Amino acid sequence: MTGPAQPLALLGLTATEAERRLAADGPNELPTARPRNLVQQAWAVIRQPMLLLLLGAGTINFLLAEPLDGVILMSFVIVVISISIYQERKTENALAALRDLSSPRALVIRDGEQTRIAGRDVVRGDLVLLSEGDRVPADAVLFDCVNVSVNESALTGESVPVRKTALGADPSAAAMGAPGGDATTWVFSGTLVLKGRAVAQVLGTGANTELGRIGTALRTIKTEPTPLQREIDRLVRVIAVIGLLAATAVAVIYGLTRGDWLEGLLAGIATAMAMLPEEFPVVLTIFLAVGAWRMSKKHVLTRRSAVIETLGSATVICVDKTGTLTMNTMTVRELIVDGAAYRLDGPILPERFHTLVEFAQLASPIDPFDPMDRAFQDLAETVLVDTPHTHAGWDLVREYPLTENLLALSHVWRAPGGTDAGQTNAGPTEYVVAAKGAPEAIADLCHFDDERLAALLDQVEAATANGQRVLAVARARFSGPSELPVQQHDFEFEYLGLAGLHDPVRPGVPEAVSELAAAGVRTVMITGDYPGTALAIAREIGLDHAQGCITGPELRQLDEAELARRIRTVSVFARMVPEQKLQLIRALKANGEVVGMTGDGVNDAPALRAADIGIAMGARGTDVARESAALVITDDDFASIAGGIRQGRGIFDNLRKAMSYIIAVHVPIIGMALIPVFAGKGWPLVLLPVLIAFLELIIDPACSVVFEAEQADPAVMEQKPRGLGEPMFGRRVLTIATVQGLTSLLAVLAVYLWAVLGDRPDDVVRSVTFATLVIGNLALILVNRSWTLPIWRTVRERRNRALKWVLLGAGALLALVLLVPALRDAFNLGPIGLGDWAVALVAGFAGVAWFEVYKARRRSPRVHSRAT
């Protein structure tokens with residue numbers, strides 16, 4: 001930025017004033033659909049098949065002159081509606097939190113400090129810092145900019161970039177113009193900065209922007225069903241058809257054999273209630289929404305729910321080094337001038353190195369934000385104090401930005417009292433030019449021959465071998481009445497030396513790399529640094545580096561087949577440009593890998609979209625990168641990526657347990673709804689509609705709350721990655737769930753036969769059988785909390801408050817309906833003794849005891865596998 005044009009740049013609004021304007025004008029967002037009220041939510045629940053069946057059963061009981069049963073069923077309708085609304089509110093709150101996190105970020109100046117905030121918190125008068133790849137958060141006018149061009153196609157339909165210039169007058173007195181046109185001084189909400197950087201003052205937010213006035217949505221995302229959602233939908237349709245056919249058969253057979261068609265209709269409704277798997281879509285929605293919200297609390301923002309499915313399948317994670325594996329807090333550790341190296345370990349610096357530090361600072365922004373620029377600024381402020389190498393009064397008149405073809409930048413400075421080039425009433429103006437960048441680029445600017453370039457690269461290789469990032473510095477002078485050159489190559493640069501910067505490894509990265517390796521996920525480092533630096537970091541974090549590294553120039557020489565072969569074993573890639581990330585992604589996917597890729601810049605967007613899991617850096621990443629990615633790591637820490645994979649696997653694992661539990665628990669319910677109907681005329685029905693509704697009060701919170709709140713299984717990161725096309729209900733999972741249900745059914749049926757053959761009254765038979773069914777249901781919850789740990793360890797080692805309330809609530813309700821005479825009569829149950837309770841308790845747990853033996857066998861090293 002140029003110095004004179006920044007009267008407001010150091011202050012901005014105060015936090016207090018920003019809060020006042022936010023309260024007065026509202027959030028910087030377009031109007032959205034109003035949330036549904038309680039009546040609308042209740043109506044949406046009542047329309048579900050299960051609730052319609054409950055209402056139908058209640059109506060039939062009123063017709064049968066059994067108002068108590070009807071009242072109880074209607075009461076269950078109210079309870080189920082309440083539970084559903086609670087779950088929906090929980091899901092909506094989670095989604096709202098995710099929307100807040102995923103809104104475009106804005107870098108503003110508040111109280112003189114640069115602060116990154118959510119775009120919705122930008123207010124009128126805010127000073128916004130814009131740079132390449134940023135989404136403009138509000139309508140604003142530019143009062144300082146460098147080489148800025150903007151894509152305004154969201155408003156104009158024209159994809160050609162529009163050049164922007166700075167406003168000379170006070171921006172607060174300016175007015176917004178129309179979108180489009182060249183060399184304008186305003187930018188619009190929702191448009192994209194393609195090049196350059198600027199400081200802008202916000203004039204309009206929310207509905208008062210051009211985007212809001214024309215009613216155009218800021219972002220439209222069409223959500224397609226994920227493979228898991230399609231699998232669940234198919235399963236629900238198949239079971240629903242079978243259930244309706246079975247219910248019709250039960251109603252007809254009951255009416256024909258027993259001559260009571262209304263009771264037969266109730267039996268048919270009970271069968272349909274037993275078989276309809278309405279929990280599946282509810283559980284899937286809750287798990288994905290609440291699970292994504294939980295991940296956001298661990299610095300992993302999930303922008304698309306499908307990524308949770310994909311996380312468990314990842315086999316390779318490609319990561320940048322700087323800021324992800326390392327702290328991105330640079331310090332200058334070594335200076336090299338004329339081949340002589342000096343290790344910085346104090347405030348005293350020999351004179352021969354002063355010029356190098358001086359021009360490294362001049363080649364950095366006045367108010368640096370980048371860690372490397374800060375490192376040079378801090379060093380200069382420490383070692384150049386009271387020396388002639390400081391230039392506080394100089395004016396920055398032009399910047400030559402770093403480009404894809406030349407990885408170097410230059411700043412042109414004018415001493416105080418000088419005049420601009422081109423003025424005829426004064427002598428030639430003297431300019432000082434400072435350049436810094438990649439050593440090869442600086443060597444190019446200084447016109448090194450092959451011999452000097454080879455010597456320079458030897459010095460660079462020696463410096464990078466210790467894990468340093470190396471930049472070169474050069475200077476030039478320019479004078480004359482002509483305009484400044486168009487490009488950096490037109491200056492006569494003089495090479496000054498090298499600076500080695502150190503970026504320490506982030507805490508927890510070596511452990512995260514090791515954890516991923518144990519989980520069958522390979523970490524691949526992709527960096528723009530030199531091979532020596534990359535390999536040094538690889539050694540420090542425990543990354544596989546036995547096969548050395550591949551550099552960007554080497555990559556250009558490899559054909560697709562050779563790259564696909566090399567990339568199977570090479571995990572370090574150095575001197576890479578962003579475009580080569582896409583090439584690496586394609587090579588890995590050609591080998592059958594499921595690839596996660598990190599990125600933060602505009603050029604990373606194609607690779608992020610091409611990857612199976614695009615991972616954007618939230619702290620330093622551009623809006624384009626975030627919008628192209630499926631995951632956003634809000635703290636830019638690699639350990640968060642590993643944590644996201646762990647938590648994603650845990651979510652899917654718990655989801656599979658919940659779905660398996662739903663299948664298992666419905667088998668004995670279906671069996672006991674059908675067997676008494678087909679067994680014989682004298683056998684009492686067990687599962688009346690009111691009792692199935694009672695069971696649903698246990699099943700619904702168990703599958704959607706208890707399993708969702710379950711901690712991830714400790715063995716989840718010891719498993720191999722799940723196949724990308726592997727269904728949730730694979731043969732083994734479906735077999736286990738079905739067998740659990742069948743053995744539970746056998747236990748309940750055994751108790752039923754024992755009671756029937758013992759000539760007990762119908763209501764007593766129903767009571768002891770129903771008690772066994774409820775206890776078996778609770779046993780299924782306990783054994784399915786983990787598919788590796790025994791019940792006693794899960795109870796001791798894992799806290800789950802929802803489990804406690806479900807177990808206590810179900811036990812208390814069961815005791816009440818069996819022990820309180822009025823409730824017992826209302827539910828058509830009879831009194832049972834202590835012996836009957838003991839039989840029900842033993843049988844309920846005996847039905848699933850085999851699974852504890854199965855888990856013990858699976859825990860042995862000889863048979864340990866990947867399912868939990």
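This tour proceeds from the whole chain to two helix pairs, and then to several single residues.

**The whole chain**

Begin with the entire model in view, bearing in mind that it is predicted. The chain holds 868 residues, of which 54% are buried. Colour the chain by secondary structure: the assignment comes to 31 helices and 22 strands. If contacts with a sequence separation of 6 or more are displayed, 72% of them join residues that stand 24 or more positions apart.

**Helices 26 and 28**

Next, select residues 762-784, which form helix 26, together with residues 801-819, which form helix 28. Their axes come within 11 Å and cross at roughly 175°. Because angles over 145 degrees count as roughly antiparallel, helix 26 is roughly antiparallel to helix 28.

Now show the side chains where the two meet. From helix 26, the contact is made by Ser767, Phe770, Ala771, Val774, Ile775, Leu778, Ile781 and Leu782. Helix 28 contributes Leu803, Val806, Leu807, Ala810, Leu814 and Leu818. Colouring this contact by residue class gives 13 nonpolar residues, one polar residue and no charged residues.

**Helices 25 and 30**

Move to helix 25, residues 731-757, and add helix 30, residues 834-846. Here the axes come within 9 Å, with a crossing angle of roughly 155°. That angle makes helix 25 roughly antiparallel to helix 30. The crossing of helix 25 with helix 30 is right-handed.

Which residues of helix 25 and helix 30 meet? On helix 25, select Ala747, Val751 and Trp754; on helix 30, select Asp836, Val839 and Ala843. By class, this contact has five nonpolar residues, no polar residues and one charged residue.

**Asp759, between helices 25 and 26**

Select Asp759, which is placed in the loop between helix 25 and helix 26. Its phi is near 55°, a positive value in a residue other than glycine. Is Asp759 buried or exposed? With a relative accessible area of 72%, Asp759 is exposed.

**Asp338, between two strands**

Turn then to Asp338, in the loop that links strand 10 (331-337) and strand 11 (340-343). Asp338 is not a glycine, yet it has a positive phi of about 55°. The relative accessible area of Asp338 is 71%, so this residue counts as exposed.

**Thr527, in a buried loop position**

Select Thr527, in the loop between strand 17 (522-526) and helix 17 (531-541). Thr527 has a relative accessibility of 3%, and therefore counts as buried, the limit for that class being under 20%.

What is Thr527 in contact with, leaving aside neighbours within four places in sequence? Show Asp320 and Lys321, then Ala534, and finally the run of Phe573, Ala574, Arg575 and Met576; Thr527 is in contact with each of these residues.

**Two cysteines**

Finish with Cys446 and Cys549. Cys446 has a relative accessible area of 10% and is buried. Cys549 is also buried, with a relative accessible area of 15%. How many disulfides does a search of the whole structure find? The search finds zero.

Technical notes
Residues numbered from 1 in each chain as written. Predicted model: local features only at pLDDT ≥ 70, side-chain atom pairs only at ≥ 80, totals over all residues. Heavy atoms only, no water. Disulfide = S-S within 2.5 Å. Buried < 20%, exposed > 50% of the residue type's maximum accessible area, 1.4 Å probe, protein only. Axes fitted to C-alpha atoms, helices over the stretch in contact; angles between N-to-C directions. Helix = DSSP H or I, 4+ residues; strand = E, 2+ residues; numbered from the N terminus. Parallel < 35°, antiparallel > 145°, perpendicular 65-115°, else oblique. Contact = heavy atoms within 4.5 Å. Nonpolar A, V, L, I, M, F, W, Y, C, P; charged D, E, K, R; others polar. Left-handed = near helix turned anticlockwise from the far one by under 90°.
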